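Colleague: Could you take me through one spot in this model up close, and then work outward from there? I'd like to know what touches what, and how far I should trust it.

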Amino acid sequence: MRHVPVLCTALALIAVTAGAPALAAETENARSMFGLVGMELAFLEALALIALACVCVPLSRALGMGTVIGYLAAGVVAGVGLSISFTRDPEELLHFAEFGVVLFLFVIGLEFRPARLWEMRGTIFGRGLAQVMTCAALLTAAALIVGLEWRVALIVGLGLALSSTALVMRGIDEGGERNSVFGQTAIAVLLFEDLAIVPFLLLVTLLAPSGEGATLADNLRATAIGIGAIALLILIGRYALDPIFRIVARTRTPELMTAAALGVVVFAALIMAAAGLSYAMGAFIAGVMLAESSYRHEVEADIEPFRGLFMGLFFVAVGLSLDLRALADNWLIIMLAVPVTVTLKGVGAYAVNRAFGTPHPIALRIAFAMGQHGEFGFVLFAAASAALLLPGDIASIVVAIVTLSMAISSQSERLYRAIVRQPARETIDEDYTDAEGTVLIIGFGRVGQLVAQPLLAEGVPVTLLDHDADRIREAKRFNERVHFGDGRRADVLSAAGAGTAKVIVVATDDPDTTLEIVRIVRRKFPGAGLQVRAHDRIHAVRLAGEGVPNEAIMRETWLSALALGGLTLQALGYADGDADDVIARLRKGDTERLDQQITVARDESGREDIIAMIAPEPVLKR
């Protein structure tokens, strides 16, 4: 969250660049405020946007609604409360800010290596296509029923069929479910939606009213030119981009590499524009062509700040361009439309996933998680409005629908739990009179069981604690005594012997549960040594922030992954000693890097804030 002011400052500077020509044209009749005119006044107006964004974005994030809603709110407030050049002509700012969409699709292209797309083709292009088209059909039919013209209804249906990648992925990451059936399925559909925005934007160009009078020959000529432009771009990307970046990299000038990356995006966008296609299509193709390049990660790192800046500016411009009078006149329609469209989208997602064989609970959860509309809707509706395909009042209404659906999406998981009505966890009457272990292990799952083995083999007195009744019954088959209890309760830990244990091992599998237990142990039982299982690197940083010593934190896959890497080196012909040296070097470097990251992010506690604070570093070759 601390990066928001920096982001807003750069955002405003870009806005000044966009608004400066209009202000410079008013040299004689320039407006004056506090004695400021021309460029000085432009900076004052930019400062107003900075202040609004710095208030609205952190507030929106604190409420769990994300940065997109914050930027939209900043634009709306600016449109209502300020009389500046941006509010008088928001379309100009919106048109300029669309470069953020271009950069966004370029970054998406970088993530879609042709080989990866081919591996996931079944799930992405099968289930993803079916879900998006089913939801779009339902929503388009609803738009037709209320009387919208068919082209307008189609664009509305397609835009509302797309989910918020940012919100869904945040929920998956926070729950640690990237590798679950739910996570994998949702990610596949989101990947298709990321791809689908490209042809959707192309469809806007084809359906735009300006193309109605074209003859068959004109259409064929335009199609041929478009195909030729795409082929040219693919050839340039295939044979020219890598040599260009190789030459630039040899200069060892970081800003030149950044300029080259931006130049590639602009060049690809201009080729598509010259062929009558969208800027976004060119940027996406350029990204895909660079996806296999050895410079992909560096290019993505160079582009990412600009993408974030322009996308933030884009959403502010969307908020500025909202027709508030249309919203006021249609507030009842909007309030009724949000639950209807979200329900239709959820029904479509559920039906498709059930048809593909997904179990009922997972299909229902996908329906709730992906029922909201997403930021791609803003992009599509803005493009359709600029192409005179979507009337201004309707554009404002559908943007409001998307905004409200994203705002309420934070409650989707809670609503899912309420509807599913999962049975209460089974409890067991527990007697802790025999809980006298020197070591207390909290969590007897796949990690806790392995932790206990060497201790039990050496005859160390161990007390095992878990809150899963089925797991406890299963342990009895192997003559293991596991006590039932919730490790998040101080009284349970005390009864289980935490006050007298020399070492407490926290081996629970949920990161948030682990953090909660660690806080209790640190506060109530400071005399015990503490060893903690970390879910991943970010979780390790969060644990260190709670006061757990670095050497007492173990990432659950770290040592096993290093060992597997060492075996792979041996399989390639490395001598055992050489492979061990490589692993030792990497282990030492990773430990030092983690220590540095813990120091840098020590004041942060949220997962996203920590991710923003620590930058990934490439493995250095010898």
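Modeller: Let's start at Thr 358, which, neighbours within four places in sequence aside, is in contact with Arg 127, Asn 353 and Ala 363. Keep in mind that this is a predicted model. Thr 358 is found in the loop between helix H18 (331–355) and helix H19 (360–369). Buried or exposed, then, for Thr 358? Its relative accessibility is 5%, so it counts as buried, the cut-off being under 20%. One of its contacts is polar: the side chain of Thr 358 meets the side chain of Arg 127 at 2.6 Å.

From there, have a look at helix H8 (residues 121–145), which holds Phe 125. What does the ring of Phe 125 do? It pairs with the ring of Phe 192: the centres are 6.2 Å apart and the planes stand at 90°, so this is an edge-to-face pair. The aromatic pair count comes to 1. Phe 192 belongs to helix H11 (residues 181–207), so the pair ties together parts that are 67 residues apart in sequence. The two partners have their own surroundings: Phe 125 is partly exposed at 38% relative accessibility, while Phe 192 is buried at 10%.

Further along, Ala 142 also sits in helix H8. With a relative accessibility of 24%, Ala 142 counts as partly exposed. Follow the chain on to Gly 157, and you are 15 residues away in sequence, but the C-alpha atoms of Ala 142 and Gly 157 are 8.3 Å apart in space.

Gly 157 takes us into helix H9, where it is one of the buried residues. How many of the residues of H9 are buried? The count is 9 of 11, so H9 is largely enclosed by the rest of the structure. Besides Gly 157, the buried set includes Arg 151, Val 152, Ile 155 and Leu 160.

Just past that helix comes Ser 163, in the loop between helix H9 (150–160) and helix H10 (165–174). Ser 163 has a relative accessible area of 0%, so it counts as buried. What does Ser 163 touch, not counting residues up to four places away in sequence? The list runs to Leu 190, Glu 193, Lys 345, Met 370, Gln 372, His 373 and Gly 374. Met 370 deserves a second look: its backbone oxygen lies 3.1 Å from a polar atom of the Ser 163 side chain.

Two arginines sit over rings elsewhere in the model. Arg 365 lies over the face of Phe 182, 4.2 Å from the ring centre. The charged end of Arg 555 is placed over the ring of Trp 558, at 4.6 Å from its centre.

Now for two loop residues that see more of the outside. Leu 388 is in the loop between helix H20 (375–386) and helix H21 (392–408), and its relative accessibility of 68% makes it exposed. Its phi is near 60°, a positive value in a residue other than glycine. For background, most residues other than glycine have a negative phi. Asp 434, in the loop between helix H22 (412–420) and strand S1, counts as partly exposed at 41% relative accessibility. Beyond four places in sequence, Asp 434 touches Arg 481 and His 483. Asp 434 and Arg 481 are 47 residues apart along the chain, with 9.7 Å between their C-alpha atoms.

Helix H26 (residues 511–524) is a good last stop. Its 14 residues reach 20 Å from first C-alpha to last, close to the 20 Å expected at 1.5 Å a residue. Among its buried residues are Pro 511, Leu 515, Ile 517, Val 518 and Val 521. Where do the buried residues of H26 pack? Their partners are strand S1 (439–442), helix H25 (490–495), strand S4 (503–506), strand S5 (529–534) and helix H27 (537–545).

Stepping back, the chain has 30 helices and 6 strands, and 46% of its 622 residues count as buried. Of the contacts with a separation of 6 or more, 74% are between residues 24 or more positions apart.

As for trust, the chain's mean pLDDT is 77, and 77% of its residues reach 70 or more. Residues 1–30 are another matter: pLDDT stays under 50 there, though the model has 52 contacts beyond four places in sequence for that stretch.

Definitions and conventions:
Residues are numbered from 1 along each chain as its sequence is written. This is a predicted model: local features need pLDDT of at least 70, side-chain atom pairs count only at pLDDT 80 or more; totals for chains, interfaces and linings use all residues. Side-chain values use heavy atoms; hydrogens and water are left out. Rings of Phe, Tyr and Trp (its six-membered ring) pair if their centres lie within 6.5 Å; planes under 30 degrees apart count as stacked, over 60 as edge-to-face and the rest as tilted. Helices (H or I, at least four residues) and strands (E, at least two) are DSSP runs, numbered from the N terminus. Buried means under 20% relative accessible area, exposed over 50%, partly exposed in between (1.4 Å probe, protein chains only). A charge sits over a ring if NZ of Lys or CZ of Arg is within 6 Å of the ring centre and within 35 degrees of the ring normal. A polar contact is a pair of N or O atoms within 3.5 Å; within protein, one must be able to donate a hydrogen and the other to accept it, and residues adjacent in sequence count only if both atoms are side-chain atoms. Contact means heavy atoms within 4.5 Å. The expected span of a helix is 1.5 Å times one less than its number of residues. pLDDT is the predictor's confidence in each residue, from 0 to 100.
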